[in-house]
Amino acid sequence: MAEAVERLARAAEWSLPEAPRQSRRRRRGALWVGTTIVGAWTLVAALAPVLAPHSPLDLDVMSRLEPPSLRHPFGTDEAGRDHFSRVMYGARITIPIAFVVIALATLVGASVGAVAGYAGGKVDEILMRVVDVVLAFPPIVLAMAITASLGAGLRNAMLAILLVSWPEFSRLTRGQVLSVRENDYVVAARALGVSASRILWGHVLPNAFPPVVVKATLDVGNAIVLTAALSFIGLGAVPPAPEWGAMIAAGQTKFEYWWAATFPGLAILSVVLGFNFLGDGLQDRLNPRLRRD
Amino acid sequence: MLLSYLGRRLALAAVALFGVILVAFLIAHMVPADPLAMVLSDQATKDPSVRAAYMKRWGLDRPLPEQFFAYLRNVSKGDLGESFTTRRPVLQDLRYFLPATVTLSMAALLVAIVGGVPLGIWAAVRHNRAADHAARAISLVGSASPIFWTGLVALYVFYYLLEWAPGPGQLDGHMTLPPRMTGFVIIDALIAGQSDVALSALRHLALPAIVLGWFVMGLIARTTRAALLEVLEADYVRTARSKGVDERRVIGAHALRNALIPVVTVIGLTFAGLLSGAVLTETVFAWPGIGRYAVTASTRLDYPAILGVTMVTAVIYIVVNLVVDVLYGLLDPRIRVT
């Protein structure tokens, strides 16, 4: 199984034999598009209380399930709450959660992977078998099982997403460390008698890290989708909270009120696209070999 | 060489299986709720002698490792416990719901291959031109859209607005399931000679299969494109071209055959994605498979059921990947040596 996934990782790198100049232009475009989308959503999240025309929670029974209008650009939900404001406030829930979860997953996963790759031998074997086991579960299924066992709620959903997200970082970091540690400067440092932990932290990790950053960026998108999915099922955010997945769930059976599910979905789609573009663009920025070509 | 490769693959799969069962066991022990309260009456839960008797009966008074080995023994006998909601053995429930999930996943995989491979070829042949960018956009949007939302949008457009597709569910409302033979509704309907039921089942399958297939199509397209681009740089392709071989033949007969090896691997790997996606697709389309069963179970705190699904999907994933690894070893002689 391990081998199959490594092959997949290699397959993903096969986008390299492109015409370099064109690829670079495209990637720079991707970086810009990604930064713009993610930046815009970060602003919305930070300034939602100022920008939102209505409160995300205030009920207004007189204007239940109104279609999009000038007053309510995204319409209202079954309790008369303004969807536009709720979608804006949703960014305050989802984006920070995804960010924190992936930051922690990167930290845990990369540490495990670095130790495995650098130590090698039995340590490596044991750690990688643990990684294999976690990766054998479809992420959503494992996250569902964990959240259900701990009890529904955003905090437990976060923990579940963390638990399913770290192993891929281990595998990636381990591979990077394995390839970097054979470089001349590492061999030289070792010959000079530099301590193992210093070589790992000072020489190997900084050079092994760029692909990990790229993966982390892409994974923020995945974590957003997973958070929304858990809320959609009913294991994440609790209904009145303006969480995108929960909003889609609330709108799912009401086809005549199409706006209820459409806009939160578009919000998810655009943020995730933003992070995908950003990751793609960063790949070029952080890879000195690609930059020089 | 091949044998030691297979041996290592098998050993790894066995270790992973053991780990999967351990993880399921640990999750079951994270449950903060009182396990006795799930099955006993309120009064019985409070009575210490009854509690002690049940703790003893189920081995809950034993040390954790001992409990784990008892659990391992049960699982290896196919005993996954009894569902709190359906009151049936979990394995029996899974067997009942699995055919619908397999039908949906296979149909989705078919959609993904039929759509993704040509899309990847098209993008590689028209490398860096409009077609390439279009293919890229399709796969980007496909992988970025939350599948439960895509499913709803598809239902809204094709069922509610256009009325092209039937609504959620596996069959039209007025139809009854054909007598159960294989569990696969389409096949069972054909066996029973009910062609109208089979047709209805096929029509209901189309939309969820397309939604789920679209979700993994991007990955298959990307891999096909990248692999084909790499192969197109190879010497034998240049030789073929310089001999004046027709470009169509260069791609079809020389390049594609070698480019498809990694695609086979990716198709195996998309299985995890398919199973993940199936859980949510089934929920949206009211599709009676193990994904919907798991979602219902997880919202009703039916732990044996949810752990059963968790374990079974992981086992399916491990087996599929083992098969893919073995196939790969057979297809590509270079792998065996490493």
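Of the 293 residues of chain A, 48% count as buried. That is a handy place to start with this predicted model, and the rest of chain A can be introduced just as briefly. Chain A holds 12 helices and zero strands, so a walk from its N terminus reads α-α-α-α-α-α-α-α-α-α-α-α. Among its contacts between residues at least 6 apart in sequence, 70% join residues at least 24 apart.

**Meet helix α5 of chain A**

A good helix to look at closely is α5(A), residues 139-150. At 1.5 Å a residue, its 12 residues should span 16 Å, and the end C-alpha atoms are indeed 16 Å apart, so expectation and model agree. Is this helix mostly covered or mostly open? It is mostly covered, with 11 of its 12 residues buried. Among the buried ones are A:P139, A:V141, A:L142, A:A145, A:I146, A:A148 and A:S149. Just after the helix comes A:G151, which takes a positive phi of about 110°.

**Two helix pairs in chain A**

Two packed helices are described by the angle between their axes and the distance between the axes. The table sets out those values for two pairs in chain A.

| Helix pair | Angle between axes | Distance between axes |
|---|---|---|
| α5(A) and α9(A), residues 210-233 | about 55° | 11 Å |
| α4(A), residues 121-136, and α6(A), residues 154-180 | about 135° | 9 Å |

Take the pair α5(A) and α9(A) to begin with. Their axes meet at an angle of about 55°, and the two helices are therefore oblique to each other. Their crossing is right-handed. On the α5(A) side the contact is made by A:P139, A:I140, A:A143, A:M144 and A:T147, and on the α9(A) side by A:L226, A:A229, A:L230 and A:I233. Sorted by class, this contact has eight nonpolar residues, one polar residue and no charged residues. An α-helix has 3.6 residues a turn, so residues three or four places apart point the same way. You can look for that spacing in A:I140, A:A143 and A:T147, which are among the contact residues of α5(A).

Now for α4(A) and α6(A). With an angle of about 135° between their axes, α4(A) is oblique to α6(A) as well. Here the crossing is left-handed. From α4(A), the contact uses A:L127, A:V131, A:V134 and A:L135, while α6(A) brings A:V164, A:P167, A:E168, A:S170 and A:R171. By class, that makes six nonpolar, one polar and two charged residues.

**Turning to chain B**

Chain B has 15 helices and zero strands. Its C-alpha atoms fill a box of roughly 90 × 55 × 40 Å along the principal axes. Buried residues make up 42% of its 338 residues. Of the contacts in chain B between residues at least 6 apart in sequence, 71% join residues at least 24 apart.

One residue gives a nice example of parts of the chain coming together. B:A108 sits in helix α6 of chain B and counts as buried because 27 other C-beta atoms lie within 10 Å. B:A108 and B:I210 are 102 residues apart along the chain, yet their C-alpha atoms are separated by 6.1 Å. Leaving aside neighbours within four places in sequence, B:A108 is in contact with B:A209, B:L212, B:G213 and B:L274.

Most residues other than glycine have a negative phi. Which residues in chain B have a positive phi although they are not glycines? B:R87 has a positive phi of about 60°, and B:E163 also has one of about 60°. B:R87 lies in the loop between α5 (64-76) and α6 (90-125) of chain B, and it counts as exposed because it has 8 C-beta neighbours inside 10 Å. B:E163 is found in the loop between α8 and α9 (185-191) of chain B. With 9 C-beta neighbours inside 10 Å, B:E163 counts as exposed too.

**Where the chains touch**

Finally, 55 residues of chain B are in contact with 50 residues of chain A. The elements giving two or more residues to chain B's side include α1 (2-30), α10 (195-232), α12 (247-284) and α14 (303-331). Which element gives the largest share? That is α14(B), with 12 residues. By class, the side of chain B that touches chain A has 39 nonpolar, 13 polar and three charged residues.

Definitions and conventions:
Residues numbered from 1 in each chain as written. Chains lettered and ligands numbered in written order. Predicted model: local features only at pLDDT ≥ 70, side-chain atom pairs only at ≥ 80, totals over all residues. Helix = DSSP H or I, 4+ residues; strand = E, 2+ residues; numbered from the N terminus. Expected span 1.5 Å × (residues − 1). Buried ≥ 20, exposed ≤ 12 C-beta atoms within 10 Å, placed from the backbone. Contact = placed C-beta atoms within 7 Å. Axes fitted to C-alpha atoms, helices over the stretch in contact; angles between N-to-C directions. Parallel < 35°, antiparallel > 145°, perpendicular 65-115°, else oblique. Left-handed = near helix turned anticlockwise from the far one by under 90°. Nonpolar A, V, L, I, M, F, W, Y, C, P; charged D, E, K, R; others polar.
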